[in-house]
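Let's take a friendly walk through a binding site together. Have the sequence and the 3D view ready, and follow along residue by residue.

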Amino acid sequence: TRSTRPQRLLKVVQKHATRGDPQSVISAIDHFCRRSEWAMNIGDEKGSILDSVVSELNPEKVLELGTYCGYSTVRIARLLPPGARLITLEFNADYAAIARQVIAWVGLEDKVQLVESASEDWIPRMTEHFGIETFDFVFLDHWKDRYLPDTKLMEGCGLLRKGTVLLADNVICPGVPDYLEYVRNSLSYKSCYFKSHLEYSKAEDGLEKKSVFLG
Ligand SMILES: Cc1cc(C(=O)N2CCN(C)CC2)sc1-c1cc(O)c2nc[nH]c(=O)c2c1
Ligand SMILES: [Mg+2]
């Protein structure tokens, strides 16, 4: 039967990227998605904004909601200091299987833990299972209808501290109006919008960054 898009992305990585070289994986995927087949990786333009947020923050404990094929997982993990940890949650078993192989290809397994689960099932288990009290950085890139409930769930589980930074992809396309309304109006968040474009496309999209105040 015909291969899936994630399988085709993995093949591109194994054919054109160098083992242990995260930048070559990023470049191989971006080249393929721009030239051959669109895929919902954050991409190079929004990815550079993600890089700058991570580099400035230098987080020790990172949570990524939505792994897909591991493109942003690799983008983030390659910038983390030694000893830092990235936990990434992926609901789709096919995506998770591909992402594990991409993460192994770049040799970032010691920094990254991928959990195949619905976000709402594992957010309440972070402390007892991973010993993580609070996260320094959360990247939301899973499903537009889960951004707001999962943010409230993280708050409720005490996983967000003063200064935790949340960065959300796709706030324009596909769009997360309820989430934007909540964080832009809530007194416990200071937020800013990074205008950009949908990956490998001319359509507008952007990232919303918020530093948690709590209050
Ligand atoms: C699947 C999809 C289709 C989009 C679109 O407008 N398209 C028109 C333009 N053509 C070119 C592409 C397709 S945007 C998008 C998308 C993009 C992300 O970054 C996502 N991130 C996380 N979770 C998602 O469900 C997610 C969906
Ligand atoms: Mg996205």
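## Who surrounds ligand 1?

In this predicted model, the shell around ligand 1 is made of W38, M40, D141, H142, W143, D169, N170, C173, P174, L198 and E199. Try finding each of these residues around ligand 1 in the 3D view.

What kinds of residues make up this shell around ligand 1? They divide into 6 nonpolar, 2 polar and 3 charged residues. The space that ligand 1 takes is the largest pocket.

## Polar contacts to ligand 1

Now zoom in on single atoms. A polar atom in the side chain of E199 lies 2.5 Å from an oxygen atom of ligand 1. For N170, a polar side-chain atom lies 2.7 Å from an oxygen atom of ligand 1. H142 takes part through its backbone: an N or O atom there lies 2.8 Å from a nitrogen atom of ligand 1.

How much of ligand 1 does the protein cover? On its own, ligand 1 has 580 Å² of accessible area, and the protein covers 64% of that.

## The magnesium ion

Ligand 2 is a magnesium ion, and its protein donors are D141 (OD), D169 (OD) and N170 (OD1). These donors lie 2.0 to 2.2 Å from the ion. Along the chain, the donors of the magnesium ion follow the spacing D-x27-D-N.

Are the donors D169 and N170 buried or exposed? D169 counts as buried because its relative accessibility is 0%, below the 20% cut-off. N170 has a relative accessible area of 11%, so N170 is buried as well.

## Residues with two roles

D141, D169 and N170 are donors of the magnesium ion, and these residues also belong to the surroundings of ligand 1.

Methods:
Residues are numbered from 1 along each chain as its sequence is written. Chains are lettered from A and ligands numbered from 1 in the order in which they are written. This is a predicted model: local features need pLDDT of at least 70, side-chain atom pairs count only at pLDDT 80 or more; totals for chains, interfaces and linings use all residues. Side-chain values use heavy atoms; hydrogens and water are left out. A residue is near a molecule or strand if one of its heavy atoms lies within 4 Å of it. A polar contact is a pair of N or O atoms within 3.5 Å; within protein, one must be able to donate a hydrogen and the other to accept it, and residues adjacent in sequence count only if both atoms are side-chain atoms. Accessible areas come from the Shrake-Rupley method with a 1.4 Å probe; for residues, only the protein chains shown count as cover. On a 1 Å grid over the protein atoms alone, a cavity is a set of points where a 1.4 Å probe fits but cannot get out, and a pocket is an open set with protein on both sides within 12 Å along at least five of seven lines; lining residues have an atom within 4 Å of a point. A molecule sits in a cavity or pocket if more than half of its atoms lie within 2 Å of its grid points. Ala, Val, Leu, Ile, Met, Phe, Trp, Tyr, Cys and Pro count as nonpolar, Asp, Glu, Lys and Arg as charged, and the others, Gly among them, as polar. Donors are N, O and S atoms within 2.8 Å of the metal (3.2 Å for Na, K and Ca); water is not among the atoms, so sites may look incomplete. Buried means under 20% relative accessible area, exposed over 50%, partly exposed in between (1.4 Å probe, protein chains only).
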